[in-house]
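Trainee: Got a minute? I'd like to go through the pockets and the ligand on this one.
Mentor: Sure, put it up and ask away.

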Amino acid sequence: MHATIVLLPGDGIGPEIVAQGKRVLEVIAKRFGHTFDMPEHAIGGNAIDSCGDPLPEETLNACKKSNAVLLGAVGGPKWDDPKAKTRPEAGLLRIRKELGLFANLRPTKTWDELLDASPLKREIVAGTDILFVRELTGGIYFGESGRKPHPSGEEAWNVMIYSTGEIERVVRVAADAARKRRGKLTMVDKANVLEASRLWRQVSERVVKTEYPDLEYNVVLVDSMAMHLISKPREFDVVVTENLFGDILTDEASMLPGSLGLLPSASIGSSGPGLFEPIHGSAPDIAGKNIANPLATILAAAMMLRYSMSMNAEADAIEDAVSRVLKAGHRTKDIAGTGPSISTTEMGDLVVGML
Ligand code: IPM
Ligand code: MN
């Protein structure tokens, strides 16, 4: 197969980790007889620096024409000025919206060989395997916002808004995934307080009861969910929730396996290219030091092959190579604990070697 995969390295450690993802994809192409065209484009802070726009037109057009997009990370202190005209994150939000990527899949699975890297007790986290499905193009991230004068200074607001259709389509993505997994779906909301959550509860219950009666379904309030995630993470299979709750819960969940550096994510729409990225950020404090963990990006490349190109054998090969490298005891700094660690490029070498 011939495919065009747009690489968006972005800021901070983004270029270092995407470089390793690219190497892995090159090896896969060779081994399985594909050709991957992998043009690089600017996004985020570096795009603001080079052309004043965190998502240049040229980048967006290239992504629209591609089979899939592999992104590193965006943002950094250099672009954090609250008075700035635009921010790197605006580029990420826009590309999600423009490509219609309403479902963000964040699998959170513990690796047996890394259980001691988790801040939680082994007996609590062992065997955790959750797929979060976060709504990605609606809610408070995209609702009306503004500021106006107030006797005490100013007031500011952001509106959490959802339509029936936006809820239905993401619940279906989650329910389809649950059918292929352990058949359990949990919907997380704050229906005891928020009207938007009450619509989520109503719509989600109807979709599941009428279209997915075979699933085991429950609802959990987001504050309890924050607690359950660290007290009994094994209870959950697929978790579906709105944009902001999903943002927060997936960062919390990322600590279960011990490091953000291992978690990939896929953002997909109903058609067109998907966007694949590690769930961690641009880690400006360690940028350029060749110590970042490239495995989340490499695993994001595997998700890309699986979801966007139906290349299951290729994705399996990458996941298996990563697992063998970890089993052999190789660790980047973030997961090394007090033991010895290897660099970003060495980790890339090892995965490529296994392939
Ligand atoms: C994420 C990030 C983004 C988000 C930021 C960088 C805009 O935290 O992908 O989870 O909040 O969605
Ligand atoms: Mn986040």
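Trainee: How do the residues lining the largest pocket divide into nonpolar, polar and charged?
Mentor: There are 13 nonpolar, three polar and ten charged residues in that lining. Keep in mind that this is a predicted model.

Trainee: What volume of space lies in the largest pocket?
Mentor: About 900 Å³.

Trainee: And which residues are closest to its centre?
Mentor: P107, R181, M303, R306 and Y307. They belong to a lining of 26 residues.

Trainee: Which elements supply at least two residues of the lining there?
Mentor: Three are strands: strand 4 (103–109), strand 5 (129–135) and strand 11 (264–268). The helices are helix 6 (164–180), helix 10 (295–309) and helix 11 (312–327).

Trainee: Next pocket. What is the volume of the second largest?
Mentor: About 410 Å³. Its lining has 18 residues, and L92, R96, R106, D247 and I279 are the closest to the centre.

Trainee: Which elements give two or more residues to that lining?
Mentor: Strand 3 (68–73), helix 4 (88–98), helix 9 (243–253) and strand 12 (274–278). Helix 4 gives the largest share, with four residues.

Trainee: And by class, what does the lining of the second largest pocket have?
Mentor: Eight nonpolar, three polar and seven charged residues.

Trainee: On to the ligand. Which residues surround ligand 1?
Mentor: E89, L92, R96, R106, R134, Y141 and D247. You've met some of those names: L92, R96, R106 and D247 are among the residues closest to the centre of the second largest pocket.

Trainee: How far is an oxygen atom of ligand 1 from an N or O atom in the side chain of R96?
Mentor: 2.7 Å. For the side chain of R106, an oxygen of ligand 1 is 2.9 Å from an N or O atom. For the side chain of R134, the corresponding value is 2.8 Å.

Trainee: How much of the accessible area of ligand 1 does the protein cover?
Mentor: 76% of the 320 Å² that ligand 1 has on its own.

Trainee: Switching topic. In which sense do strand 6 and strand 7 pair, parallel or antiparallel?
Mentor: Antiparallel, over six bridges. Strand 6 covers residues 145–150 and strand 7 covers 153–158.

Trainee: How many residues lie between them in the hairpin?
Mentor: Two.

Trainee: Last one. Which residue in strand 7 is the bridge partner of H150?
Mentor: G153.

Terms used:
Residues numbered from 1 in each chain as written. Chains lettered and ligands numbered in written order. Predicted model: local features only at pLDDT ≥ 70, side-chain atom pairs only at ≥ 80, totals over all residues. Heavy atoms only, no water. Pairing = 2+ DSSP bridges. 1 Å grid on protein atoms, 1.4 Å probe; cavity = no way out; pocket = protein on both sides within 12 Å on 5 of 7 lines; lining within 4 Å. Points joined across faces, edges and corners; volume = space filled by probe spheres on them. Nonpolar A, V, L, I, M, F, W, Y, C, P; charged D, E, K, R; others polar. Near = heavy atom within 4 Å. Polar contact = N/O pair within 3.5 Å; in protein donor to acceptor, adjacent residues only side chain to side chain. Areas by Shrake-Rupley, 256 points an atom, 1.4 Å probe, with all protein chains shown as cover.
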